[in-house]
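I opened this model to look up how its sheet is put together. The entries below follow the order in which I checked things.

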Amino acid sequence: MSDARPWIYGTDHDDPRTPEAGHVYVQLVGGPLDGQLLDVTGYTPEERAEGGALLMSHHGAYGPGGRSDYGPRPGDPDRWDWQGDTP
């Protein structure tokens, strides 16, 4: 039986994997964090549409300590696409 609940970026395996009421999330698409949600509650709508994030990822091209670059999808700020990895 698979766990269909979304994984929240930055949580540990023991942490709840359920989005919290009152929080805003974007879905990460592609790359090593594909399918995870990122909490962007403090972002303005403009930041969500124009921003992005370098997120720690142990499974990216640079292994532990590397970062994966995600940015908003044009026309769909609720989904952030993988732009690549960086050391």
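Entry 1. I note that the model is predicted. I began with one pair across the sheet: Leu28 stands opposite Trp80 in E5. Leu28 belongs to strand E1, residues 25-29. I then looked up how E1 is joined to E5, residues 76-86: three bridges link the two strands, and they run parallel.

Entry 2. I turned to the other partner of E1. Strand E2, residues 37-39, is also joined to E1 by three bridges, but this pair runs antiparallel. Here Val26 has Leu38 of E2 opposite. Is E1 mostly covered or open? I find four of its five residues buried, so I put E1 down as mostly covered, buried being under 20% relative accessible area.

Entry 3. I followed E5 to its other neighbour, strand E4, residues 67-73. Seven bridges join E4 to E5, and the two run antiparallel. Two of the pairs I wrote down are Ser68 with Asp85 and Gly71 with Asp81. E4 and E5 form a hairpin with two residues between the strands, and Gly75 there takes a positive phi near 80°.

Entry 4. I went on from E4 to E3. Four bridges join these strands, again in an antiparallel run. Leu55 stands opposite Ser68 in E4. Ser68 therefore turns up twice in my notes, since Asp85 in E5 is its bridge partner too.

Entry 5. What is the order of the strands in the sheet? I read E2-E1-E5-E4-E3, an open sheet of five strands with mixed pairing. E2 and E3 (53-56) stand at the edges with a single partner strand each, so one side of each has no neighbour in the sheet. From one strand to the next the twist averages 35°.

Entry 6. I finished with one residue of E5, Gln83. Is Gln83 buried or exposed? Its relative accessibility is 51%, and because the cut-off for exposed is over 50%, Gln83 counts as exposed. Apart from neighbours within four places in sequence, Gln83 is in contact with Asp69, Tyr70 and Gly71. The side chain of Gln83 also reaches the backbone oxygen of Asp81 at 3.0 Å. Asp81 is already in my notes as the bridge partner of Gly71. Last, I checked Gln83 against Val29, 54 residues apart along the chain: their C-alpha atoms are separated by 9.8 Å.

Definitions and conventions: Residues numbered from 1 in each chain as written. Predicted model: local features only at pLDDT ≥ 70, side-chain atom pairs only at ≥ 80, totals over all residues. Heavy atoms only, no water. Buried < 20%, exposed > 50% of the residue type's maximum accessible area, 1.4 Å probe, protein only. Axes fitted to C-alpha atoms, helices over the stretch in contact; angles between N-to-C directions. Contact = heavy atoms within 4.5 Å. Polar contact = N/O pair within 3.5 Å; in protein donor to acceptor, adjacent residues only side chain to side chain.
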